[in-house]
There are 2 protein chains.
Amino acid sequence: MTVRRMDVARLAGTSPAVVSYVLNGGPRPVSAQTRARVLAAVEQLGYRPNGIARSLRMSRTMTLGLVIPDNANPFFAELARAIEEESFAQGYTLLIGNAAENDERQTAYVRTFLARQVDGLFIVPAHGPAGFLGELDRARTPWICLDRQVPGAAAPGVLVDNRGGAYTATRHLLDHGRRRIACIGGPEDVMPATDRVSGWRDALDEEGISRRAMSVTHSSFGRRGGYGAARELLAGPQRPDAIFVASDEQAVGVLRAIAEARLRCPDDVAVASFDGIPGAAYTTPALTTMAQPFAALGRAAVAHLLAQPAGPTDVLPVALVKRGSCGCPDPPGGDLTGEGAPA
Amino acid sequence: MTVRRMDVARLAGTSPAVVSYVLNGGPRPVSAQTRARVLAAVEQLGYRPNGIARSLRMSRTMTLGLVIPDNANPFFAELARAIEEESFAQGYTLLIGNAAENDERQTAYVRTFLARQVDGLFIVPAHGPAGFLGELDRARTPWICLDRQVPGAAAPGVLVDNRGGAYTATRHLLDHGRRRIACIGGPEDVMPATDRVSGWRDALDEEGISRRAMSVTHSSFGRRGGYGAARELLAGPQRPDAIFVASDEQAVGVLRAIAEARLRCPDDVAVASFDGIPGAAYTTPALTTMAQPFAALGRAAVAHLLAQPAGPTDVLPVALVKRGSCGCPDPPGGDLTGEGAPA
DNA sequence: TTGTAAGCGTTATCAT
DNA sequence: ATGATAACGCTTACAA
């Protein structure tokens with residue numbers, strides 16, 4: 001059908017194996033003369049090795065899989081980007097599956113990725129049931145969790161310091177003199193969000209602020225969730241003078257709600273959030289946020305997955321990025337952080 | 001090594017071929033009894049067919065490849081999302097390669113995707129040289145261009161009505177009574193941007209506005225490019241009362257520049273842009289934009305790629321979405337358009 | 001209705 | 001240094 005390795009061998013007047021040795025640089029030496037003839041034949045015929053056949057033979061595909069809950073969410077998109085970057089650097093192609101917050105799709109992706117014999121699997125478990133675990137337990141494929149841990153399984157993962165980061169952000173709001181600091185968290189039981197709520201609480205506890213004065217609102221992730229939660233919060237009896245928001249994406253909605261309520265940020269209500277997505281640098285005012293180390297996360301994730309045997313769960317630090325929403329001076333033109341490349 | 005089809009056959013007391021017939025529902029019928037035994041054996045052994053071997057045999061991988069110039073750009077991210085969605089619906093897995101605006105990476109991705117025997121390839125050609133063409137000409141793999149056309153090759157593609165859309169947006173600005181409508185385009189020679197500049201010019205021509213009064217600034221795509229271009233424009237001698245911006249992403253930067261110049265949008269300077277990315281609904285004010293039909297683009301792209309023989313280039317319409325930046329009432333809480341799902 | 005066997009294109013292990 | 005040949009795991013045509 002297409003041009004096969006044997007065709008090249010024939011044209012070069014040698015055997016198929018030698019063609020492989022030339023193309024793969026081993027494992028056996030080839031005389032310079034034959035090598036030249038082979039290369040010429042490859043060029044002439046436009047021969048391209050069939051990676052599928054190679055994978056079958058080698059039982060390695062040089063492919064990794066990543067399943068994320070929702071690629072419309074900039075945080076996951078950025079995480080995927082970082083992992084793709086590092087995978088590419090390591091010679092792997094990355095398969096990305098978008099579960100769209102749907103356990104069936106999540107499981108379907110794990111299944112097809114496994115069927116495609118990926119060499120490893122990254123999973124950011126969607127909120128809710130984890131049917132994919134059933135697919136994984138029989139398989140020999142290594143896999144790790146990212147961003148969150150899945151309740152049942154004891155798979156290692158790569159996480160960030162959610163609690164400590166939230167503490168730092170809230171502490172910074174306190175340092176700006178804010179005292180009535182509300183919290184807009186994620187859905188009730190989603191892991192990174194609950195840890196962030198804990199960090200916020202730690203900071204207020206330390207300051208001796210009574211728990212009764214601590215307002216926590218649970219909202220879905222996403223701009224809309226943040227918008228809705230903030231609307232209620234701002235219309236309530238005890239208007240906060242600051243809000244710690246569990247994600248940048250929600251914070252974008254919060255900013256919008258503040259503007260619609262004819263309040264000013266940061267003057268009336270200061271805001272600090274979490275994630276450090278690129279878009280956080282270009283809101284008005286720009287968002288003060290705990291930036292996740294995306295590039296480092298990508299490197300850690302790939303290294304962790306490929307490591308044999310797998311090490312314990314990695315916890316990476318997050319960094320406070322001060323911009324206008326907390327009351328710090330708003331850097332002009334957004335800052336360089338997270339600037340998208342031209343296109 | 002792992003559990004093979006033959007192991008299942010042995011346990012079920014039948015032949016390997018029958019196992020295939022059961023699992024693939026054909027091509028030959030299997031008695032209900034044997035079918036049950038096979039299924040039980042599959043379940044008991046946790047057998048999962050090896051997709052690589054299957055692909056090799058079938059010379060079909062049920063995989064499509066997509067190469068985009070820059071996945072940090074929300075427009076391409078959204079396009080990728082739409083294509084992934086439709087590919088998944090059609091039973092295909094999508095391989096996404098991020099060229100990072102680098103022709104070498106672009107070519108590398110085309111090469112590896114071809115080596116992996118993808119059944120088809122979508123390419124959004126990066127600005128600049130197109131080394132990937134060399135990889136493609138020998139290959140039998142079908143491929144199409146998206147968003148832009150590549151100068152050399154005569155590959156069909158799926159595009160949108162850039163010129164007409166830009167005309168509509170500019171016309172809308174004129175209808176708001178604006179007359180000094182500047183244009184912030186993309187890099188000099190990038191196709192969709194030049195067409196959009198043409199559409200803007202069409203509208204002003206029609207209105208009888210002299211070409212000398214038409215200010216066009218070329219900037220890189222991305223927020224930073226838009227920000228920089230707008231800064232200069234607003235500091236210039238003849239401040240425009242409206243700006244047509246070639247992409248939403250640039251428009252975000254433009255909005256920021258307007259705010260920093262202590263001007264108000266839309267009162268002092270109205271803005272309309274192009275693409276309809278989700279983020280455009282959550283700026284302050286929200287962006288009036290020509291929305292690309294992402295879902296339809298995804299469907300058209302997949303259908304086009306899989307169609308044999310390939311049809312002519314598709315051109316899809318774009319739709320004016322009126323929000324606050326042009327002077328129309330700003331819908332509260334952003335509108336539903338492009339709302340990210342929770343995560 | 002079921003068993004057998006020939007490939008798919010590669011790599012690696014034999015001999016030579 | 002090189003030429004045959006046996007897998008890798010699957011699908012399907014053909015024989016029984």
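Let me start with one residue. Gly298(B) counts as buried, because its relative accessibility is 0%. Keep in mind that this is a predicted model. Gly298(B) sits in helix α12 of chain B, residues 294-306. What does Gly298(B) touch, leaving aside its neighbours within four places in sequence? Ala82(B), Ile83(B) and Glu86(B). There is also a long sequence separation to note. Leu146(B) is 152 residues away from Gly298(B) in sequence, yet the C-alpha to C-alpha distance is 10.0 Å.

Now the interface. Chain B and chain A bury about 6,100 Å² between them. Of that area, 50% is on carbon and sulfur atoms. Chain B gives 78 residues to the contact, and chain A gives 78 residues.

How are the two chains related? A turn of 180° with a shift of 0.0 Å along the axis lays chain B on chain A, with an RMSD of 0.1 Å. That is the relation of a two-fold axis. The same surface serves both copies, with 100% of the contact residues of chain B recurring in chain A.

Next, polar features across the interface. There are 24 residue pairs in polar contact, both residues at pLDDT 80 or more. Which elements give two or more residues to the side of chain B that touches chain A? In chain B they are α3 (32-45), α4 (51-58), α5 (74-89), β2 (93-98), α6 (103-115), α10 (223-235) and α11 (248-260). By class, that side has 32 nonpolar, 26 polar and 20 charged residues.

The interface also carries 8 salt bridges. One of them pairs Glu84(A) with Arg105(B), closest N and O atoms 3.7 Å apart.

On to salt bridges in general. The structure holds 32 over all chains. In chain A, Arg171(A) pairs with Glu206(A), and their closest N and O atoms are 3.2 Å apart. This pair links distant parts of the chain: Arg171(A) is in helix α8, Glu206(A) is in helix α9, and they are 35 residues apart. Arg171(A) counts as partly exposed, at 21% relative accessibility. Both residues belong to a salt-bridge network with Asp175(A), Arg179(A) and Glu207(A).

Chain B has a salt bridge between Glu206(B) and Arg171(B), at 3.2 Å between the closest N and O atoms. Glu206(B) is in helix α9 and Arg171(B) in helix α8, so this bridge ties together parts 35 residues apart in sequence.

Last, a bridge within one helix. Arg256(B) and Glu260(B) meet at 3.1 Å, N to O. Both lie in helix α11 of chain B, 4 residues apart, about one turn of the helix. Buried or exposed? Arg256(B) counts as buried, at 4% relative accessibility. Glu260(B) is partly exposed, at 29%.

Note on methods
Residues are numbered from 1 along each chain as its sequence is written. Chains are lettered from A and ligands numbered from 1 in the order in which they are written. This is a predicted model: local features need pLDDT of at least 70, side-chain atom pairs count only at pLDDT 80 or more; totals for chains, interfaces and linings use all residues. Side-chain values use heavy atoms; hydrogens and water are left out. Contact means heavy atoms within 4.5 Å. Buried area is the accessible area (1.4 Å probe) that two parts lose on being put together, summed over both. A salt bridge is a side-chain nitrogen of Lys or Arg within 4 Å of a carboxyl oxygen of Asp or Glu. A polar contact is a pair of N or O atoms within 3.5 Å; within protein, one must be able to donate a hydrogen and the other to accept it, and residues adjacent in sequence count only if both atoms are side-chain atoms. Ala, Val, Leu, Ile, Met, Phe, Trp, Tyr, Cys and Pro count as nonpolar, Asp, Glu, Lys and Arg as charged, and the others, Gly among them, as polar. Copies are superposed by least squares on the C-alpha atoms of residues with pLDDT of at least 70 in both. Buried means under 20% relative accessible area, exposed over 50%, partly exposed in between (1.4 Å probe, protein chains only).
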